[in-house]
Amino acid sequence: MPSNDHLGRKLVFIAAFLWLGTTTAWAQKIPHSHAAEGAGNIASVELIDATQRYAHFVLGDRFEASGFQVTFKDGQQIQFALPPSEVFEDRLPRLVDLNGDGQQELVLVQSHVDKGASLAVYDLTLGSIELLAQTPYIGQPNRWLNPAGIADFDGDGQIEIALVAKPHLAKELQLWRFAKGQLSLISTHQGFSNHRLGSREQRLSVVFDDNGDGIVDLALPNASRNAIHIVSFVPQFDVLRTYLLADELAGPLTKTGDTLVAPLRNGSSMRLQLVAD
Ligand SMILES: [Ca+2]
Ligand SMILES: [Ca+2]
Ligand SMILES: [Ca+2]
C-alpha cells in the first residue's frame, strides 16, 4: 500500500540519519588538535573521540584522544580505537614514510594509564590499521614525551625519531632509529625541553641542515626554553650554535628561508638569522 511504502521510506531515512549522526559524533576531531595531511593514498589523519580516562592533561585541556581516523584519497575512512587503558596524549598526528616503501606510517604519542607515555608507529594499509612498532612506556603514569623531529639525522639511510622524554622533568633528548620494523634507542642527551606544562603547543622544534653537510640537524629549546640550540648528531653529537631568546619560547618555531621565527610567551616574536659557518 502507498501509505506503508511511504512509512517504510521514512523509517529508512530516520535510521540513516541516526546512523550518520552517531558516526559523525564518534569520529569528531578532538579540539585543539591538528589534522595530518597525507601523501600517496592517504588524504588525512585526525585524532578523535575525546576521553578523560587518563587524568594527566599536560596539553592544556581536560581530555585526550582515544582513537584516530584515517581518510583515504578514495574517500574510504577507517577509525582506530585504543583499549580503555590507553590514550593518545598528543594533538599532532605525524605522517612519514619511515621504511621507504612509499607508504606513510603514522607516529603518535601513546600513553598507558599505569605506565605513562610511549612513541607508537602505525601501519595504515588500506583496509586495516596495525601497530608496527612502539618504544617502551616510560614506566610510570603522568610521565610524557614530545616528538621533536623525524628524519635521517645521521645519514645512514634509516629514519630516526628525535623526542624529548619528560620535557618538564628529566628533559632528555633521545634519538630512536626505525629499522627492520623496530625502534631502537641510539643516544640520549640532557638539557632540552620542547614543551611547557599545560601548553597546547608541541611544535617547539624545526629540522633542517644548518651546517651544510647534507645531513639534517635539529633546532630545539634548552631546558628552560629561553634559548634555541641547533644540534647535529654526526659525526658526534654537537651543539652547532645557540640563540638566546628575550623570553620563553611559546612556539610554533618555524623556519622561513634563512630565518628562524620564534614566537615568545611575552607576545613578541624573534627572528633569528641563520648564517652558515
Ligand atoms: Ca612506509
Ligand atoms: Ca639514520
Ligand atoms: Ca647538518
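**Strands 14 to 17 and the grounds for their description**

User: What makes the connection between strand 15 and strand 16 a hairpin, and what is the phi of Arg225 in the turn?

Analyst: In this predicted model, strand 15 and strand 16 form a hairpin with five residues between them, and Arg225 in the turn has a positive phi of about 60°. Strands here are DSSP runs of E with at least two residues, helices are runs of H or I with at least four residues, and both are numbered from the N terminus. Residues are numbered from 1 along each chain as its sequence is written, chains are lettered from A and ligands numbered from 1 in the order in which they are written, while local features need pLDDT of at least 70, side-chain atom pairs count only at pLDDT 80 or more, and totals for chains, interfaces and linings use all residues.

User: How do you know that strand 15 and strand 16 pair?

Analyst: Two strands pair if DSSP finds at least two bridges between them; four bridges join strand 15 (residues 217–221) to strand 16, and the two run antiparallel, so the definition is met. Within this pair, Leu218 stands opposite Val231 in strand 16.

User: How many bridges support the pairing of strand 16 with strand 17, and which residues face each other?

Analyst: Strand 16 (residues 227–232) pairs with strand 17 in the antiparallel sense over six bridges. Ile228 has Tyr243 of strand 17 as its bridge partner, and His229 stands opposite Thr242 in strand 17. A hairpin of five residues joins strand 16 to strand 17.

User: Why is strand 16 called largely enclosed?

Analyst: A residue is buried if 20 or more other C-beta atoms, placed from the backbone, lie within 10 Å of its own, exposed if 12 or fewer do, and partly exposed in between. Five of the six residues of strand 16 are buried, so the strand is largely enclosed by the rest of the structure. Of the 277 residues of the chain, 37% count as buried.

User: Why do strand 14 and strand 17 count as edges of the sheet?

Analyst: The open sheet of four strands has the order 14-15-16-17, with antiparallel pairing. Strand 14 (206–208) and strand 17 (238–244) each have a single partner strand, so one side of each is left without a neighbour in the sheet.

User: What is the mean pLDDT of the chain?

Analyst: On the scale of pLDDT, the predictor's confidence in each residue from 0 to 100, the chain has a mean of 92, and 90% of its residues reach 70 or more.
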